[in-house]
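Trainee: I have a model open and I'd like to learn how to read it. Can you walk me through it?
Mentor: Sure, let's put it on screen.

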Protein chains: 4
Amino acid sequence: MARITSEAKETSRQRLLEEAAAHFARDGFDRANINSIAIAAGFAKGTIYNYFTSKEELFGEVLTMACRRAVTRYAGSPHGNSVRDRLAALVAADVDVLREQEPFMKVLIREAMGFRPDTYPIIVEHLAPFLDVLIEVLATGVEAGEIRNDRPPAQLALLFVGTLTMLYVQYWGSGGAWPTLEELPELALATFLDGAGT
Amino acid sequence: MARITSEAKETSRQRLLEEAAAHFARDGFDRANINSIAIAAGFAKGTIYNYFTSKEELFGEVLTMACRRAVTRYAGSPHGNSVRDRLAALVAADVDVLREQEPFMKVLIREAMGFRPDTYPIIVEHLAPFLDVLIEVLATGVEAGEIRNDRPPAQLALLFVGTLTMLYVQYWGSGGAWPTLEELPELALATFLDGAGT
Amino acid sequence: MARITSEAKETSRQRLLEEAAAHFARDGFDRANINSIAIAAGFAKGTIYNYFTSKEELFGEVLTMACRRAVTRYAGSPHGNSVRDRLAALVAADVDVLREQEPFMKVLIREAMGFRPDTYPIIVEHLAPFLDVLIEVLATGVEAGEIRNDRPPAQLALLFVGTLTMLYVQYWGSGGAWPTLEELPELALATFLDGAGT
Amino acid sequence: MARITSEAKETSRQRLLEEAAAHFARDGFDRANINSIAIAAGFAKGTIYNYFTSKEELFGEVLTMACRRAVTRYAGSPHGNSVRDRLAALVAADVDVLREQEPFMKVLIREAMGFRPDTYPIIVEHLAPFLDVLIEVLATGVEAGEIRNDRPPAQLALLFVGTLTMLYVQYWGSGGAWPTLEELPELALATFLDGAGT
DNA sequence: CATGAATGAGAATTCATTCAT
DNA sequence: AATGAATGAATTCTCATTCAT
């Protein structure tokens, strides 16, 4: 195997990342097993080290990729409409990513909750562009009078991300029973914008 | 004599549970180290096995205790006032528990985010009474017209717990920068009841 | 097993060091096998890590002990006689140590020839007192006119150690055929002091 | 065409041997890395196996070549003069080889000190002609009364080789500080022929 | 009850070697 | 001939658990 490599190698790398994401999502970093990941990807255990120098690096790459994919959801977000519509579009896009990349998203969220000093910076770094978009949308909303102006947009953005995350966690924790992925976007908006009070 | 002995034993057990909570909170289940926990509690490695049959069981006991303590926060909650006031009292009590039992709470939340089939049932089971109180308060609020009636109180309760949890996570994740524990109760209420919209 | 430990533990440690020396002597650092050493000492592989934190440390301890033992040979060296007699006594003592601690000496010499940056300093450090004695003896000899004064005693000491080492190497290399341990001391003296010329 | 090809092949083989020598000299057999050797020689890992069947064989070839080169130093040694002069010429030639082929010489000496049953015979076998020349010179010296006759020339030859080797080791061990390559030949002769006594 | 030495299953990692291209 | 992806045996090290004292 040589020469025609580069594409093939990239494919193998993707296969490994895919399986690694699935295993990290299911088992967490410590319980995930390098050997099992390799086998699941159709390789022997040594092969993984032709692509990643260590379990940590592999995890970091999965995380990086998860962040990257999560961020792309904002790429085509509409600009013209109301803040509610724009947020709705963002959440809809986000849930689509979740559907397609569930293991990666799960790793991301699971790890974000772990408070581990070696992974937290990775997440923060990669989530920054994501938050920036959100902040911009919310700041626009504040100017337009659609969003309450008693908090800085940066804090509002964190609350929004937190709300979304919490709903994902409940989705996973309930085994998909409630909320379902279908109702999740509307629920997120209502929870964040309207509150439960009358 | 028997009583003194068993009291002493209970004290030792508590010491072990405290230290175990601290370690599990800081390191997570897999990275926590039985030896370190024993040492920190002033015992040798082997002694832990006079109190708990395995690391898993120790963890389960920590979790159980965390749930039990968390639930006690509702014991003396006021009954007469508005839903907002009652929720405020609940959150205040909760944050007090958090302050005093931070490691236990951290273990609880951390584990709740892990979706692990062997620990999730424990959490759900122990959180049930906690949720019941909340559901009752919210149901009252719906009847009184203080809470929107477009969702079942059980779902509202989950949303409320989720909101609170998310704020704790951001508190820990930010190293206590935002939100602070002082502003957290008011923030939780505002977020849950009022929403960010105008 | 507890309480009466300390002596027993020291015994176990010695057993491990003894076997480690034998294995390092025979196989060298890289080919020596932690598992085999433990087994040979009558332990399971994990046990070695109750005594030494790593293979490197174990090796360092073996080396340190080899140096310590080697140096003791000079403890009772006679002071009154001629330089030749004093050197003879030193060599005789040295060969005695070799006989009793062959694996340790072999590790020492083998490693000294390996020029490895992580072990060379250990050897140099531990050999210093050893060289100091030698330098003192030779300096005395120079003053007494028994030793040529065209080289600093420090260099002469290195030449002497080198000569001795070289004879040990030939002893081991020849499988004990030539020189034998019996004739080695006299041979060392004659080689170092008299030379091969007429 | 065949010849050009085989010449090219021979060149590649030489390149590999040179790099292998450098790596074995620096890192020792076990720590030397097939991949690094190949890369350093401008090839990929696999290519080495077109020239040598295994790491062991490669090492054996390096050793063989080191011996072969070491032996050539005696080819043009002068015959007419005194033993001292002839030895001086031999050592001078030897040091020249050392200068030019340092890695090979280092491998040779390093390995000779290792007492390994699979490599020792190779060394002995290849050093035989080398020793024969030396024995002849020394035997002549004994007859001429220049060399003491209380030891067989074969033993004297071993002592001489040992003295030289020891000085090389000290040269490398001291990082070239003492002895320097310039003073080494004279030092070897003085040490071997004259001794340190008066 | 407490101790801590001993255990050994399990996991990550290395690297010489193979072989399809 | 050259390549380099794939392999898997081998090795070090960790740590929960046991048990004799």
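Trainee: How many residues does each of chain B and chain A bring to the contact?
Mentor: Counting residues on each side is the usual way in. Here chain B puts in 39 residues and chain A 38 residues. Keep in mind that this is a predicted model.

Trainee: And how much area do chain B and chain A bury between them?
Mentor: For area, look at the total and at the atoms behind it. The two chains bury about 3,700 Å² between them, and 61% of that is on carbon and sulfur atoms. On the chain B side, Phe115(B), Trp178(B) and Ala196(B) lose the most area to chain A, together 17% of what that side buries.

Trainee: What about charges: what is the count of salt bridges between chain B and chain A?
Mentor: The count is 2 salt bridges. Take the side chains of Arg31(A) and Asp30(B), which form a salt bridge at 2.5 Å, N to O. Polar contacts are tallied separately, and there the count between chain B and chain A is 18 residue pairs, both residues at pLDDT 80 or more.

Trainee: Which helix of chain B gives the most to the side that touches chain A?
Mentor: Go element by element. In chain B, α1 (2-31), α5 (102-112), α7 and α8 (184-194) each supply at least two residues of that side. The top contributor is α7(B), with 12 residues. By residue type, the side of chain B that touches chain A splits into 18 nonpolar, 11 polar and 10 charged.

Trainee: Let's zoom in on one residue. Is Gln170(B) buried or exposed?
Mentor: Compare its relative accessibility with the cut-off: buried means under 20%. Gln170(B) is at 15%, so Gln170(B) counts as buried. Gln170(B) sits in helix α7 of chain B, residues 153-173. Leaving out residues up to four places away in sequence, Gln170(B) touches Leu158(A), Leu159(A) and Gly162(A), plus Trp178(B) and Pro179(B).

Trainee: Which residues have the most contacts inside the largest nonpolar core?
Mentor: That core has 136 residues, and the ones with the most contacts inside it are Phe24, Leu58 and Leu87 of chain A and Phe24, Leu58 and Leu87 of chain B. A second, separate core of 134 residues includes Ala32(C), Leu164(C), Ala66(D) and Ala112(D). As for Leu87(A), its contacts beyond four places in sequence include Leu134(A), Phe160(A) and Phe192(A).

Trainee: How far apart are the nearest C-alpha atoms of chain A and chain C?
Mentor: They are 20 Å apart, and the two chains do not touch. Chain B and chain C have no contact either, with their closest C-alpha atoms 11 Å apart.

Key
Residues are numbered from 1 along each chain as its sequence is written. Chains are lettered from A and ligands numbered from 1 in the order in which they are written. This is a predicted model: local features need pLDDT of at least 70, side-chain atom pairs count only at pLDDT 80 or more; totals for chains, interfaces and linings use all residues. Side-chain values use heavy atoms; hydrogens and water are left out. Helices (H or I, at least four residues) and strands (E, at least two) are DSSP runs, numbered from the N terminus. Buried means under 20% relative accessible area, exposed over 50%, partly exposed in between (1.4 Å probe, protein chains only). Contact means heavy atoms within 4.5 Å. A nonpolar core is a set of buried Ala, Val, Leu, Ile, Met, Phe, Trp, Tyr and Cys residues joined through side-chain atoms within 4.5 Å. Buried area is the accessible area (1.4 Å probe) that two parts lose on being put together, summed over both. A salt bridge is a side-chain nitrogen of Lys or Arg within 4 Å of a carboxyl oxygen of Asp or Glu. A polar contact is a pair of N or O atoms within 3.5 Å; within protein, one must be able to donate a hydrogen and the other to accept it, and residues adjacent in sequence count only if both atoms are side-chain atoms. Ala, Val, Leu, Ile, Met, Phe, Trp, Tyr, Cys and Pro count as nonpolar, Asp, Glu, Lys and Arg as charged, and the others, Gly among them, as polar.
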